[in-house]
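Visitor: I've got this one open on my screen and I'd like a close look at a single part of it. Could you walk me through that part, then show me how it compares with other spots along the chain?

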Amino acid sequence: MTKKNNLFATLKSDVPSGLVVFLVALPLCLGIAMASGAPLFSGIITGIVGGIIVGSLSQSHISVSGPAAGLTAIVLVALQDLGAFEIFLVAVVLSGVIQLALGFMRAGSISNYIPSNVITGMLAGIGVIIFLKQIPVALGSDAEVGSGFAIFSGIAASFTDVQVGVILVTAISLFILIGWDKVPALKRLKLVPSALVAVIVGVLVNQVLIITGSPLAIGEKYLVSLPVPESMEDFKNLITLPQFSSISNPEVWIVAITIAVVASIETLLCVEAADRMDPMKRVTNTNVELKAQGVGNIVSGLLGGLPMTSVVVRTTANVNSGAKSKMSAIIHGIFLLISVLSIPVILNKIPLATLAAILLMIGYKLAKPATFKYYWDQGKYQFVPFIATLSAVVFLDLLKGVALGIVISVFFVLRGNAKRSYYFNKEGYQDGDVIHVDLAQEVSFLNKAAIKQTLNHIPKGANVVIDASDTVYVAHDVLELIKEFKEIQAQEKEINVKLVGFKKAYNIENDLDEYNHVSTEHKKILTYRKNGKTSHKEVITELINDNNHIN
């Protein structure tokens, strides 16, 4: 085995980076499970499977998989609709099967067909949902937060039932998360993730409050609650099995397809970003990645875990900590497994307020104001699909939001093509001026109506230049339209038409020349039509009477 392919050749770099990724992933696994409304242990299972199983099968050298913030909205709604976690696990398994099939069908380029503004709008919508749903947890309120417009009524109710101790821990955690990378004195500690520091400080603060008997101490109800296995048998009992009797439920399949599509897109985008971050500029086979993710989701669903994707946060931490191979991802999964077996008592001391603070930051980063400003500056063709997708994801559901965004994007593309397929320069037009109609690089049948309208509005007696010098493709329908305009409409309105650049692009100048030998007949046809003889038979009769012959 060569050093290039030997996973153990770079352990000196991969073990420390795997440890850093583990420290980043641990609070995120718990936080995302909490945001999804799923058992907290399911998030840990997903992290373990994503690290060990997907890490082993993937060809990506630095990406790391686990439970993803981008899937929380789907999981949350699915759990409510399906009614039981065991039924939801069936959807997770099926989503893995679908991803596996997509990998074998070489669908690794699927993400290229969804506009980036729709994908960003989807992620921003998920970020808004995550942020809003964590507000009651951050306040220590028991208020229920629904979905859609009901979110706001739940948030309003949460402010009437707060706990000062929970707010204190939330505030401290947010201060750490926001200031960790901004305080110059802490820059040397950048390899220590801010989320881990927030968790440790949150635990210590609450322990001090408990020891001192402070009324601000946070009770067990508002702490992480993981089961504590005392034997291997207890550990086996922690695994929730899917209820496969529900496999015929159509809603299960809808959830499975939704998870498969969204998880695949998010994974492919993350892998693309990971390849760009890779110092060695290695390229990942995206079809193999889909297969690896499919196997990972099948195993995760069978063991009682959440769906997974390749995750940007973990991957970025992996790169920044010096990972050289995918062994780092595997090691992070092994550390997660060891932590569940050895330190669950310590994990159960983590305040939910700290996890809520972490999720508030995740939600903010997914939907930060700079993203809104960026798409606003790009113009309505980019901003409208973005904001429509975001709004529909928040107030309807994720699938409808993405579908709406794609429909609006397609509409704008069609409209934009129709408007930008040509340019009609008519400013300051006066009698005798030359009118230029410059065609774009590509002119499809979708542009026919707009070009036809422009040609119809050219004034009588004008001089027109239709320029295709920069054009590489023109649809047959548009070609016929130009021919008809030159040979019939222009003759009728005494318009002088000059074609430029057509011969090079389409060789249609020669095609038009073939009509020149019948131009006299066309003129007579127009004359006869003006005289009321509009039928083909009447025109032919008149031409014959004039001793003209038409081939």
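Let's start with K483: does K483 count as buried or exposed, going by relative accessibility?

Guide: Before anything else, keep in mind that this is a predicted model. K483 counts as buried, because its relative accessibility is 11% and the cut-off for buried is under 20%. That's a lysine, and it has a partner: E480 forms a salt bridge with K483, with 3.8 Å between the closest N and O atoms. Both residues belong to helix 20, which covers residues 476-492, and they are separated by about one helical turn because they sit three residues apart. The partner is placed otherwise: E480 has 33% relative accessibility, so it counts as partly exposed. So picture a bridge within one helix, with a buried lysine at one end and a partly exposed glutamate at the other.

Now for the wider set. The count of salt bridges comes to four. One of them is also set within a helix: D377 pairs with K373, and here the closest N and O atoms are 2.9 Å apart. Those two are four residues apart in helix 16 (residues 369-377), again about one turn of the helix. The lysine of this pair is out in the open, though: K373 has a relative accessible area of 54%, so it is exposed.

Another bridge joins D142 to K221, with the closest N and O atoms 3.2 Å apart. This pair links distant parts of the chain, 79 residues apart: D142 is in the loop between helix 5 (116-139) and helix 6 (150-158), while K221 is in the loop between helix 8 (194-211) and helix 9 (232-237). K221 is exposed, at 58% relative accessible area, whereas D142 is partly exposed, at 38%.

If you want another buried polar residue to set beside that lysine, try T284. You'll find T284 in the loop between helix 10 (250-277) and helix 11 (286-303), and it counts as buried because its relative accessibility is 8%. Its side chain makes a polar contact with the side chain of D275, at 2.9 Å. Leaving out residues up to four places away in sequence, T284 touches Q59, S60, V271, D275 and E289.

Two of those names, S60 and E289, come up again in the lining of the largest cavity, along with residues including G50, V54, G55 and K326. That cavity has a volume of about 50 Å³, and the model has four cavities of 30 Å³ or more. Its lining is made up of three nonpolar, six polar and two charged residues. Helix 2 (40-57) and strand 1 (64-67) each supply at least two of the lining residues, and helix 2 gives the most, with three.

Helix 2 also holds I45, which is buried, with a relative accessible area of 8%. Setting aside neighbours within four places in sequence, I45 is in contact with L303, G304 and G305. I45 also has a far-off residue in sequence to check on your screen: L336 is 291 residues away along the chain, yet the C-alpha to C-alpha distance is 8.6 Å.

Technical notes:
Residues numbered from 1 in each chain as written. Predicted model: local features only at pLDDT ≥ 70, side-chain atom pairs only at ≥ 80, totals over all residues. Heavy atoms only, no water. Buried < 20%, exposed > 50% of the residue type's maximum accessible area, 1.4 Å probe, protein only. Polar contact = N/O pair within 3.5 Å; in protein donor to acceptor, adjacent residues only side chain to side chain. Contact = heavy atoms within 4.5 Å. 1 Å grid on protein atoms, 1.4 Å probe; cavity = no way out; pocket = protein on both sides within 12 Å on 5 of 7 lines; lining within 4 Å. Points joined across faces, edges and corners; volume = space filled by probe spheres on them. Nonpolar A, V, L, I, M, F, W, Y, C, P; charged D, E, K, R; others polar. Salt bridge = Lys/Arg side-chain N within 4 Å of Asp/Glu carboxyl O.
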